[in-house]
Amino acid sequence: MKSVKILGSGCANCRKLEAAAREAATSAGIEAEFVKVTDMNAITAYDLLSTPGLVIDEKLVSSGRIPTQAEIQGWLA
Amino acid sequence: MDIFLRSMSGGAGNLAAYLAAHVLLCLLPAFFIAGAMAALIPKASITRWLGRNAPYRVSYPAAAAAGSLLAVCSCTIVPLFAGIHKKGAGLGPAITFLFFAPAGNILALAYTGSILGAEFAFARFALSLLFGIGIGLMMAVLFWRDDASHDAQTDALFAQQASIGAAPLGVLLSLVAVLIAGTLKLWPLTATVGTLTLPLPWAEVWQAALYQWVPFDAAKGEEGVSLQGSLLILLLVLIGLIAWKGLEDIVEGANRWTWVALGLAAATLLVAAMRLTPVPGGVELALTGRALAVAAALGAVLHHARRLEADAWRAWLWEAWRFVKQIFVLLVVGVFVVGIVRQWIQPQWIENLAGRNDMLANAAAVLFGVFMYFPTLVEVPVAHMFLDLGMHRGPLLAYLMADPELSLQSILMVSAIIGRRKTFTYVGLVALFSIVAGLAYGAWVDGMERVWIIGGLGSFAAVLVTTLGWLLGRRAMPARV
């Protein structure tokens, strides 16, 4: 079971990232728990300069952009 | 019923006039530039100057640069603000960044310039820069104890090094060239190279119909919709519809609609740069120097964009499209509402309150800015309305300085990160500095001796710097504010 966190205050990019991450997990058949982090202090605990951020198993893998399906699946594997 | 109709037609007329006249040559390239800044400038190329050990001579200019180059939307402003404050250079540069971002970013400058004039945009830029750094320094000095008690954090966030590549830089510069070629009102851009009369008999009828649908009163500063304007609105709507199909999933790759949307956007810019005038029996198409310059700049954009890597240009187009979705909708609604409201405000009210450049007028303008919340960029059409209604340009600038910097949203956000006491100090300082900015610019407009204004601002800055230098010297601390 992977833990996936979406960091962001609910902006358009964060919703898009969440959708992309869910789709990537489903199509690769990977079970994952999704958590949305919207609290600013919790977000800045990770080293990022712009949202949305994607955290997989407590490691920040991308920030400030929306990665492609292929990239997300690479991180999830 | 009559009242309702009058309001609605005021709103629709305002919207049509804005879309036709102002939006295209400034906002369309500006959205692409904002997208390119968000996607193509590596944040580390600027943020590496914001680390914990950066001296203040470096960190304040870098914070201002970050505000104007990196922070086009709140998804960058908030995390970067929190990051600079907590893990980077400290409270002062964080405040400079926060203050300068809404006034110094490309969308705000382009839009202010095209609606209120280049001089006004420049004043907004220069005074925000000066005062952003001033307020940052004052906050840092007032609260230096809190800053000194940073807990042991790593410098990792701001230690990364990066620089912008040749292709992204080329794209950015040629986009800026499109913006400049499209908006600057200078010879040879305004010169006519050649004219061509197209035999379109319906053109005159159409123009007459447009003036009837969107009646306007030039004395009140209202604008009508021209034939060319109506063509541009049509093109805009088309781009909007097609971009929805072409750009929504651009991250996964381009499709045929992507190229149609981009082609239409380029065509729109070219049409806007030409001059279409209805003449008896047809339309006179004038090829201007502007059209040639825009075409050349667009060619340069294409040339550089082809050298971008696939995920770079996809990210660029996505960010540009996201800004359009996020800001354009608000702007359309805002302009519409401004058009309605304007029917109900008597010019005398504005003239009595803020028709002069004095302390009271500037204070009233700032107060209005603090308590009114307008979404991104809507402050500009609001300011335009006030200007038409007789507001003096000094208080107008004071309002424009205070409004975006002190929205309720930003006050809440700032107080969540730095606490209430510092936030209230910040709000107070912004109000004070905005009034000073309004007074100074108003005096400039009124034709006061330039020497006096520059001398006044200079001594204001000098007193500030001396006080700070003295305070900094007194505390036996590394000079990191």
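**Exercise 1. State the domains of chain B and describe how they meet.**

The domain assignment, whose bounds come from an automatic or database source, divides chain B into domain 1 (42-163 + 345-474) and domain 2 (166-327). This is a predicted model, in which local features need pLDDT of at least 70 and side-chain atom pairs count only at pLDDT 80 or more, while totals for chains, interfaces and linings use all residues. Residues are numbered from 1 along each chain as its sequence is written, and chains are lettered from A and ligands numbered from 1 in the order in which they are written.

The C-alpha centres of the two domains of chain B lie 32 Å apart. Nine residues of domain 1 of chain B are in contact (C-beta atoms, placed from the backbone, within 7 Å) with seven residues of domain 2 of chain B. On the domain 1 side, the largest share, four residues, comes from helix α6 (residues 106-116) of chain B, where helices are DSSP runs (H or I, at least four residues) numbered from the N terminus.

**Exercise 2. Determine how helices α19 and α21 of chain B are arranged.**

Helix α19 (residues 393-405) of chain B packs against helix α21 (residues 420-445) of chain B at an angle of about 150°, with their axes 7 Å apart; the axes are lines fitted to C-alpha atoms over the stretch in contact, and angles run from 0 to 180 degrees between N-to-C directions. Because angles over 145 degrees count as roughly antiparallel, α19(B) and α21(B) are roughly antiparallel to each other.

**Exercise 3. Describe the side of chain B that touches chain A.**

Here 22 residues of chain B are in contact with 19 residues of chain A. The largest share of this side of chain B, nine residues, comes from α4(B).

How values were computed
Two residues are in contact if their C-beta atoms, placed from the backbone, lie within 7 Å. Helices (H or I, at least four residues) and strands (E, at least two) are DSSP runs, numbered from the N terminus. Angles under 35 degrees count as roughly parallel, over 145 as roughly antiparallel, 65 to 115 as roughly perpendicular and the rest as oblique.
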